[in-house]
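Dear colleague,

I am passing on the structure we spoke about, with the sequence alongside. Below it you will find my notes, arranged by region.

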Amino acid sequence: MKKSILKLLESKIKGEVHNEKYFRNFYSVDSSSYQLIPQIVVIPTDEEDIIKTIKIAKKYKTSVTVRGAGTGLVGSALNHGIIIDMKKINFIKINKKSAIVGSGILKGKLDIELQKKGKFFPPNPSIGNFCSLGGMLGNNSSGSRSVKYGSTIDNVKEVTIIDGNGKKIQLPKNKKISKKIFQNILIDDKKIPKTSKNSSGYQIKKVTSNKEAHKIIIGSEGTLGII
Ligand SMILES: Cc1cc2nc3c(=O)[nH]c(=O)nc-3n(C[C@H](O)[C@H](O)[C@H](O)COP(=O)(O)OP(=O)(O)OC[C@H]3O[C@@H](n4cnc5c(N)ncnc54)[C@H](O)[C@@H]3O)c2cc1C
């Protein structure tokens with residue numbers, strides 16, 4: 001690892017930047033059977049930290065992987081480059097018929113706050129309280145209530161991401177980009193299996209209008225941007 005990328009991150013990021021061996025070892029595993037030791041772990045405190053990390057990583061041609069709670073079963077929160085742990089982006093704002101949350105919030109914490117108001121978030125993977133909302137969106141998690149309420153993708157109205165250039169994009173709020181996403185989707189129905197859930201590739205079938213453009217992000221496992 002180039003010392004300069006570490007120094008630059010340490011000087012620019014308000015949150016935590018680590019490259020101690022025990023940190024790198026901790027973040028080298030998730031709930032899969034894989035292991036990839038990262039060079040650096042960043043724990044951002046806000047959006048600005050994420051944007052700066054992406055821009056610095058791009059400058060140094062270093063790959064970035066976003067991590068929620070690390071409960072995923074396929075190693076998709078692992079990387080040799082930089083890991084961004086979203087655990088401090090964990091705000092919750094509950095409205096009448098929706099909630100706005102930071103992607104690092106654990107599902108268990110959201111459940112407690114919703115319960116106080118007599119509400120609930122339908123997706124319910126059996127890992128339960130321990131996964132983050134970002135990871136649930138990343139994986140398009142389902143679980144026991146999915147037959148009635150659908151998967152995570154069916155229960156999210158808006159998504160804000162930071163893309164690979166460090167640009168903040170709100171979908172479907174950003175009408176220009178939403179239109180572009182919808183217009184560029186070509187579906188060959190014969191190639192899409194007729195199942196109630198399909199976890200293969202991006203969920204293009206769910207993007208049925210500009211207003212559904214955010215659904216391209218859900219199930220994209222962090223490959224299109226950081227939620
Ligand atoms: C015991 C067990 C039972 C499970 N049962 C079910 C089940 O019944 N149904 C079901 O659908 N799933 C199930 N799962 C899988 C579950 O959906 C995932 O473990 C969970 O959603 C991952 O959340 P996480 O916060 O741990 O994400 P991580 O494991 O940290 O990350 C998962 C993926 O999401 C991406 N990601 C994380 N945060 C963000 C973000 N902020 N922005 C963009 N991408 C992000 C990561 O890069 C990675 O690709 C189970 C898992 C376990 C271990």
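In this predicted model, strand 7 and strand 8 make up a hairpin in which five residues separate the two strands, and Gly166, which sits in the turn, has a positive phi of about 85 degrees. The two strands run antiparallel and are joined by four bridges, strand 8 being residues 168-171. Within this pairing, Val159 of the one strand stands opposite Leu171 in strand 8.

Strand 7 (159-162) also appears in the surroundings of helix 3, since what covers the buried residues of that helix includes this strand together with helix 1 (3-12), strand 2 (40-43), strand 3 (64-67) and strand 4 (82-85). The buried residues in question are Asp49, Ile50, Ile51, Thr53, Ile54, Ile56 and Ala57. When you look at how they are spaced, it may help to recall that an α-helix has 3.6 residues a turn, so that residues three or four places apart point the same way.

As for the geometry of helix 3, it comprises 13 residues (47-59), which at 1.5 Å a residue should span 18 Å, and the 19 Å between its end C-alpha atoms agrees with that expectation. At its N-terminal end the helix is capped by Asp46, which places a side-chain oxygen 3.3 Å from the backbone nitrogen of Glu48, while after the helix comes Lys61, whose phi is positive, near 50 degrees.

The ligand is probably where you will want to spend some time. There are 31 residues around the ligand, and those that come nearest are Val66, Thr71, Ser132, Ser141 and Ser142. In the case of Val66, a polar backbone atom is 2.6 Å from an oxygen atom of the ligand, whereas for Thr71 an N or O atom in the side chain is 2.7 Å from a ligand oxygen. A nitrogen atom of the ligand, in turn, lies 3.1 Å from a polar side-chain atom of Ser103. Taken alone, the ligand exposes 970 Å², of which the protein buries 85%.

Of the residues just named, let me single out Ser141, which lies in the loop between helix 5 (133-139) and helix 6 (146-149). Its relative accessible area is 11%, and Ser141 therefore counts as buried, the cut-off being under 20%. Leaving aside neighbours within four places in sequence, Ser141 is in contact with Pro123, Pro125, Gly135, Met136, Ser151, Thr152 and Lys197.

With best regards

Terms used. Residues numbered from 1 in each chain as written. Predicted model: local features only at pLDDT ≥ 70, side-chain atom pairs only at ≥ 80, totals over all residues. Heavy atoms only, no water. Expected span 1.5 Å × (residues − 1). Buried < 20%, exposed > 50% of the residue type's maximum accessible area, 1.4 Å probe, protein only. Contact = heavy atoms within 4.5 Å. Polar contact = N/O pair within 3.5 Å; in protein donor to acceptor, adjacent residues only side chain to side chain. Near = heavy atom within 4 Å. Areas by Shrake-Rupley, 256 points an atom, 1.4 Å probe, with all protein chains shown as cover. Pairing = 2+ DSSP bridges.
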